[in-house]
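Work through the exercises below with the sequence and the coordinates side by side, and attempt each task before reading its solution.

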Amino acid sequence: GVERSASRRWLESTLAEAFESGSAELLILPDRPAKLRRYGVLHEFTVGVISAAGARDVLVDVLDPRQRAILEEQGDVTLALDIDGVGRFRVMVYRERRGYAGVFRRALDEPASLEELCLPSSFAKLAGFPRGLVLVAGPAGGGKSSTLAALIDLINEERSDHIVSLEQPIECLHLSRRALVSQREVGMHVPSYEDGLRSALREDADVICIDELCDPGAVAVALAAAGG
């Protein structure tokens, strides 16, 4: 197989150790110790600081050429990262005044149920509506992605529908069961949320899942789709 770099080996062992303790996020910033967020509070994780050069090596190493180009052009990039034996992570790499920084958040290996998320059983009714718009709102790390994944999984189990999901990045992987599930990553499979929504209307989609409504154009198309 391909020989992993020293920075990649360090990152994999660091992520494995960090998330064994139940932490929600690992933050790597230049010229700072790495920190863990556990129960909403940041704690120092590494002994000593990570240099700007070291942070750059670790973070840029996880990016493919397309993602590196986005980082250089836009100043940040979001991606999903799979590490064998450790898990799947949602990663944001960005530039700040001292260099490159990154946030790693554990993603679901498979959808959790509403019960596992401690959500009311009445939420299951949302998966049965034939039309309309369901909004899941809350702060970063508050469980929005997990809730959406649980609802999509419920529809996947109970309805013979075509589900089109627009995500950036694709976090939880859905296997088609009773329904057919098409997952499209914005920036990779489709240029924007608005383009993906317009395309979904032509893809015979019964259910459209959007992980973020981030601009007026996407909101307008989502409202039109929900009303149709």
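Three exercises follow, on the sheet, the nonpolar cores and a helix pair.

The model is predicted, so local features need pLDDT of at least 70 and side-chain atom pairs count only at pLDDT 80 or more, whereas totals for chains, interfaces and linings use all residues. Residues are numbered from 1 along each chain as its sequence is written, and side-chain values use heavy atoms, with hydrogens and water left out.

**Exercise 1.** Determine the strand order of the open sheet of six strands and state which strands stand at its edges.

*Solution.* Begin with the pairings, where two strands pair if DSSP finds at least two bridges between them, and where strands are DSSP runs of E with at least two residues, helices being runs of H or I with at least four.
- Strand β2 (residues 35–38) runs antiparallel to β3 and is joined to it by four bridges, with Lys-35 partnered by Glu-44 in β3.
- β1 and β6 also pair in the antiparallel sense, over four bridges, and here Ile-28 stands opposite Gly-102 in β6.
- β5 and β6 pair over eight bridges, again antiparallel, with Phe-89 opposite Arg-106, and a hairpin of two residues connects these strands.

The full order is β3-β2-β1-β6-β5-β4. Because β3 (41–44) and β4 (76–83) each have a single partner strand, one side of each is left without a neighbour in the sheet.

**Exercise 2.** Locate the largest nonpolar core and find the contacts of Leu-11.

*Solution.* A nonpolar core is a set of buried Ala, Val, Leu, Ile, Met, Phe, Trp, Tyr and Cys residues joined through side-chain atoms within 4.5 Å, buried meaning under 20% relative accessible area with a 1.4 Å probe, protein chains only. The largest such core has 26 residues, of which Leu-11, Leu-15, Leu-26, Ile-28, Val-93 and Phe-104 touch the most other members. Leaving aside neighbours within four places in sequence, Leu-11 is in contact (heavy atoms within 4.5 Å) with Ile-28, Val-58, Val-62, Leu-81 and Phe-104. Another core, of nine residues, lies apart and includes Leu-166 and Ile-210.

**Exercise 3.** How are helices α5 and α6 oriented where they pack?

*Solution.* Fit axes to C-alpha atoms over the stretch in contact and take the angle between N-to-C directions, from 0 to 180 degrees. For α5 (residues 193–200) and α6 (residues 216–227) the angle is about 20°, with the axes 8 Å apart. The two helices are therefore roughly parallel, a term for angles under 35 degrees. In the interface, Tyr-193, Glu-194, Leu-197 and Arg-198 of α5 meet Gly-217, Ala-218, Val-221 and Ala-222 of α6.

Terms used. Buried < 20%, exposed > 50% of the residue type's maximum accessible area, 1.4 Å probe, protein only. Parallel < 35°, antiparallel > 145°, perpendicular 65-115°, else oblique.
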